[in-house]
Amino acid sequence: MPSPRSSRERRAGSSGRPEFLSLVSQRSPGPPDSPSRRKESGSSAAAPLPEEDCMKLNPSFLGIALSSLLAIDLWASKRLGVCAGEGSAWGSARPLMKVIEVSGHGIPWLLGTIYGLYQSDSLAAREVLLNLLFALLLDLVLVAVVKGLVRRRRPTHNKMDMFVTISVDKYSFPSGHATRAALVCRFVLHHLVLAVPLRVLIVLWALIVGVSRVMLGRHNVTDVLCGLLLGYALYSVVEYCWLSPLRTPALFALWSH
Ligand SMILES: CC(C)=CCC/C(C)=C/CC/C(C)=C/COP(=O)(O)O
């Protein structure tokens with residue numbers, strides 16, 4: 001009479017091995033004396049997995065984590081896109097959101113900075129404005145390159161009625177408005193002497209620009225969060241490459257009266 005098998009043996013299957021090890025051996029059938037075979041037949045079930053197996057398991061875990069994040073992102077962005085159209089839940093706030101959109105657009109910032117440069121009457125002001133212009137252009141290039149590489153489509157609920165766009169602006173990652181808002185915010189806080197209420201206002205403006213991108217349906221939440229981080233980090237690059245009359249005298253000569 002066959003002896004009754006313990007529940008542990010039954011779980012382990014007819015081979016007497018735990019199921020997860022069977023799966024591992026199916027993934028990488030090695031030669032009879034390979035490390036994975038030795039581990040299966042040996043008694044040390046707790047021995048660490050060979051590196052090749054870990055390499056195969058990790059991407060699937062990462063893949064699941066990323067797809068889950070993406071799903072949450074799409075779901076949250078759709079729910080938060082309350083100004084995506086006139087008929088949306090907060091459709092009446094759409095005109096205000098579009099004003100905020102223009103406040104973070106590249107053209108007013110570029111034109112304003114160039115105008116300021118022509119009007120500036122001190123070397124210090126010229127230095128700051130020239131670096132702001134450099135930062136804005138660098139930001140445009142960086143966002144265009146990343147958008148072109150990632151090619152993430154804008155949310156389906158977005159109406160493509162944006163104020164002046166360039167070709168890569170059909171893509172949404174990262175949000176160009178968010179990178180600019182974070183970059184300009186950090187720049188202004190470092191280089192302009194402002195009263196505290198104005199400093200608070202500029203931080204609020206940057207956050208509102210970011211939030212308005214999702215509310216307008218232009219972006220997913222992750223586009224904006226990564227945009228803010230990218231813009232924040234880009235300021236450090238601008239600081240590192242800071243253009244000064246000593247380093248780039250020719251540039252400053254362009255604006256000397
Ligand atoms: C000098 C030059 C090439 C200026 C182009 C200025 C321009 C049209 C910038 C585009 C700004 C824009 C619509 C960015 C998109 O922002 P998202 O937040 O929707 O990514």
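The expected span of a helix is 1.5 Å times one less than its number of residues. Keep that handy for the second view of this predicted model.

**View 1. The whole protein chain is built from helices.** Here you'll find 11 helices and zero strands. Reading from the N terminus, the elements go α-α-α-α-α-α-α-α-α-α-α. Of the 257 residues in the protein chain, 25% are buried. Look also at the contacts with a separation of 6 or more: 68% of them join residues 24 or more positions apart.

**View 2. Helix H7 runs over residues 123-150.** Try the rule from the start on this one: with 28 residues at 1.5 Å a residue, H7 should span 40 Å, and its end C-alpha atoms are 40 Å apart, so the two agree. Just after H7 comes Arg-151, which has a positive phi of about 50 degrees.

**View 3. Here are the buried residues of H7 and their neighbours.** Among the buried residues of H7 are Arg-126, Glu-127, Asp-139 and Lys-147, along with Leu-132, Ala-135, Leu-136, Val-143 and Val-146. In an α-helix there are 3.6 residues a turn, so residues three or four places apart point the same way. What do the buried residues of H7 pack against? Their partners are H6, H8, helix H10 (221-240) and helix H11 (249-254).

**View 4. Zoom in on the ligand and its shell.** There are 14 residues around the ligand, and Gly-106, Thr-165, Ser-175, Gly-176 and His-177 come nearest. Which helices each supply at least two residues of this shell? They are helix H6 (106-119) and helix H8 (176-191). Sort the shell by class and you get five nonpolar, six polar and three charged residues.

**View 5. These are the stretches listed as "transmembrane region".** An unreviewed UniProt entry gives that label to residues 99-118, 130-150, 187-209 and 221-243. Residues 130-150 are 100% helix and 0% strand in the model, with end C-alpha atoms 30 Å apart. For residues 221-243, the end C-alpha atoms lie 34 Å apart, and the span is 87% helix and 0% strand.

**View 6. How confident is the predictor?** The average pLDDT of the protein chain is 84, and 76% of the residues score at least 70. Now find residues 1-45, where pLDDT stays under 50; the model has 30 contacts beyond four places in sequence for them. Where pLDDT is low, the predicted coordinates should not be read in detail. As for the overall scores, the model gets ipTM 0.95 and pTM 0.78.

Definitions and conventions
Residues are numbered from 1 along each chain as its sequence is written. This is a predicted model: local features need pLDDT of at least 70, side-chain atom pairs count only at pLDDT 80 or more; totals for chains, interfaces and linings use all residues. Helices (H or I, at least four residues) and strands (E, at least two) are DSSP runs, numbered from the N terminus. A residue is buried if 20 or more other C-beta atoms lie within 10 Å of its own, exposed if 12 or fewer, and partly exposed in between; C-beta atoms are placed from the backbone. Two residues are in contact if their C-beta atoms, placed from the backbone, lie within 7 Å. UniProt positions are given in the numbering used here, feature names are shortened, and annotations may be inferred rather than shown by experiment. A residue is near a molecule or strand if its C-beta atom, placed from the backbone, lies within 6 Å of it. Ala, Val, Leu, Ile, Met, Phe, Trp, Tyr, Cys and Pro count as nonpolar, Asp, Glu, Lys and Arg as charged, and the others, Gly among them, as polar. pLDDT is the predictor's confidence in each residue, from 0 to 100.
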